[in-house]
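Colleague: Got a minute to walk me through this model? I'd like the quick tour.

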Amino acid sequence: MHVAQEPNTKGAREHLTLMRRDLKSGSGLIASEPPEVADAFLASLSDQTLAALPYIFEFWAMSHQLPPEGAWKTWVILGGRGAGKTRAGAEWVRSVVEGGRPEAPGRARRVALVAETYDQALAVMVKGESGILACSPPDRRPRWVSGERMLIWPNGAEARVYSANDPEALRGPQFDAAWVDELAKWRNGGATWDMLQFALRLGEHPQQVVTTTPRNVAVLKELIGRESTVQTHAPTEANSAYLAPSFLEEVRARYGNTRLGRQELDGLLLEEAEDALWRRADIDAGRVTEVPGRARVIVAVDPPVTGHDGSDACGIVVVGVMQDGSPSHWKAVVIEDCSVRAASPKQWAEAAAAAYHRHRADKMVAEVNQGGDLVETIMRQVDPLINYRAVRASRGKAARAEPVAALYEQGRVAHCGTFAELEDEMCRMSQTGFEGIGSPDRVDALVWALTEGMLVPAAGHQNPNIRSL
């Protein structure tokens, strides 16, 4: 049927909300009814209602995508990959911004859109397939003003994009609504979240929605524990109608019985492995906001065996060591996890060299069990002046990691910020090995950096004949 009218969602939304309530049948709605029932339903709709139907999210949404009732402050949507979290966030923004008519005001006029980076906010929240622009009907679609990083709706409402890597940008603006995406991934999660809370101060009852795949990080656990927070949850399969069957089959076959699968597919917030070498509580207890200027900086590199798109990541971790007193009393700060998945050895070498110079490092150490002299050759080609030392593993990963984990238990290592991927690997490293998928490249680099900066000097101090481990 050709429909000439622009969709008018006000009356259509009220009409369809009532019909949705009446059409519930067992576990489904109209889509699960026989064809003759669906045909009769569609034939009963006016042309305007038909035109509006694709944009009435309340009619199509799954239960975990609809806001819970009550006067909540924060709605957290936890879900597996592809569970429909982004669509739920975008549609919630629409629901608070849009009025009954295109130029009528909604409940919110100033919205913050916060992602890990500006690029991710634009690519996912604004312009993504389930983002705000794709979900909006033609008569209510906002325009994107790239120079201002801002969406402007026909009714004058605005939504500005912010990055978790720039928390200070939230100091000054004020909002009556916010959509936060992938909070559990943010490096500066605590600082950025705090700045957003101070800015969420307009209107009678400002609210925020958080869409994230869960990770066992402090900012998310603290948020979920608040009385003003409500939560919905769904696994990846909840949105199976919009996912390729081969995708579900493949990821379930590969990750279905793993901790990674329970987190990334089932959308569950997991604790550490039972015999994990690192505990979240120990990591959280030692966080700092800045690195002392007197620190001796070490960059550690754990190169992949091969160099192509399918290779493991190249672990690159930067650590600062405060050399006060005897080496057995030194403390350290993890400054940055700048690990990369490089398509060639030259790319990871350039990333490692950039980290070395960015932090004015004193030394670089690189594991050479796999690459041998080639690792140093590649690094020297990129930068021949780096103070470089090769290290070679003579024990297994867990055995090498144990004394480094003990430094954390002693309160001698802190993290400057949050390193979600590195910390995930750390808490999957058990006494019997790594319980995640692939190789713990980030942990390997961390272990080498702290071994070089803390354990080797301490061993040498106790026994002058010991120079390396």
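Colleague: Start with two helices. Which residues of H13 meet which in H14?

Modeller: On the H13 side, Pro345, Lys346, Trp348, Ala349, Glu350, Ala352 and Ala353. They meet Val375, Ile378, Met379 and Val382 in H14. By class, that contact has nine nonpolar, no polar and two charged residues. Keep in mind that this is a predicted model.

Colleague: At what angle do H13 and H14 pack?

Modeller: About 65°, with the axes 9 Å apart. H13 covers residues 345-358 and H14 covers residues 373-382. The crossing of H13 past H14 is right-handed.

Colleague: What comes after H13 in the chain, around arginine 360?

Modeller: Arginine 360 lies in the loop between H13 and E12. Its phi is positive, about 50°, although it is not a glycine. Most residues other than glycine have a negative phi.

Colleague: Is arginine 360 buried or exposed?

Modeller: Exposed, with a relative accessible area of 73%.

Colleague: Back up a bit. How many helices and strands are in the chain?

Modeller: The protein chain has 17 helices and 16 strands. Of its 469 residues, 52% count as buried. Take the contacts between residues at least 6 apart in sequence: 70% of them join residues at least 24 apart.

Colleague: Now sheets. What is the order of the eight strands in the open sheet?

Modeller: E3-E4-E5-E2-E6-E7-E1-E8, with mixed pairing. E3 (143-145) and E8 (229-234) stand at the edges. Each has a single partner strand, so one side of each is left without a neighbour in the sheet. From one strand to the next, the twist averages 20°.

Colleague: In which sense do E1 and E7 pair, parallel or antiparallel?

Modeller: Parallel, over five bridges. E1 is residues 74-79 and E7 is residues 207-212. One pair to look for: threonine 74 has glutamine 208 in E7 as its bridge partner.

Colleague: Which strands does H5 touch?

Modeller: H5 (residues 85-97) packs on the sheet and touches E1, E2 (110-115), E6 and E7. Its direction makes about 170° with that of E6. H8 packs on the sheet too, touching E1, E2, E5 (158-163), E6 and E7. The direction of H8 makes about 155° with that of E7.

Colleague: What is in the loop between E6 and H8?

Modeller: Alanine 184, for one. The loop runs between E6 (177-181) and H8 (189-199). Glutamate 182 is found there as well. Glutamate 182 has a positive phi of about 55°, although it is not a glycine.

Colleague: And alanine 184, buried or exposed?

Modeller: Buried, at 1% relative accessibility. Leaving aside neighbours within four places in sequence, alanine 184 contacts Thr212, Thr213, Pro214, Arg215, Val217, Leu220 and Ala420. The C-alpha atoms of alanine 184 and threonine 213 are separated by 7.1 Å, though the two are 29 residues apart along the chain.

Colleague: Ala420 is in that list. Which residues of H16 are buried?

Modeller: Ala420, Leu422, Glu423, Asp424, Glu425, Met426 and Cys427. That makes seven of the eight residues of H16 (residues 420-427), so the helix is largely enclosed by the rest of the structure. Cysteine 427 has a relative accessible area of 2%.

Colleague: Speaking of cysteines, how many disulfides?

Modeller: The count comes to zero.

Colleague: Why does cysteine 314 have no bond to the closest cysteine sulfur?

Modeller: Because the distance is too far. The closest cysteine sulfur, in cysteine 338, is 9.2 Å from that of cysteine 314. A disulfide needs the two sulfur atoms within 2.5 Å. Cysteine 314 is also buried, with a relative accessible area of 0%.

Colleague: Last topic. What is the strand order in the six-strand sheet?

Modeller: E13-E12-E9-E10-E11-E14, an open sheet with mixed pairing. The edge strands are E13 (388-391) and E14 (413-415), and each pairs on one side only. Here the twist averages 25° from one strand to the next.

Colleague: Where does E9 pair with E12, and which residue partners alanine 300?

Modeller: E9 is residues 296-302 and E12 is residues 363-367, paired in the parallel sense over four bridges. The bridge partner of alanine 300 is valine 365 in E12. H14 packs on this sheet, touching E12 and E13. The direction of H14 makes about 160° with that of E13.

Terms used
Residues are numbered from 1 along each chain as its sequence is written. This is a predicted model: local features need pLDDT of at least 70, side-chain atom pairs count only at pLDDT 80 or more; totals for chains, interfaces and linings use all residues. Side-chain values use heavy atoms; hydrogens and water are left out. Buried means under 20% relative accessible area, exposed over 50%, partly exposed in between (1.4 Å probe, protein chains only). Contact means heavy atoms within 4.5 Å. Axes are lines fitted to C-alpha atoms, for helices over the stretch in contact, and angles run from 0 to 180 degrees between N-to-C directions. A crossing is left-handed if the near helix is turned anticlockwise from the far one by less than a right angle, and right-handed if clockwise. Ala, Val, Leu, Ile, Met, Phe, Trp, Tyr, Cys and Pro count as nonpolar, Asp, Glu, Lys and Arg as charged, and the others, Gly among them, as polar. Two strands pair if DSSP finds at least two bridges between them.
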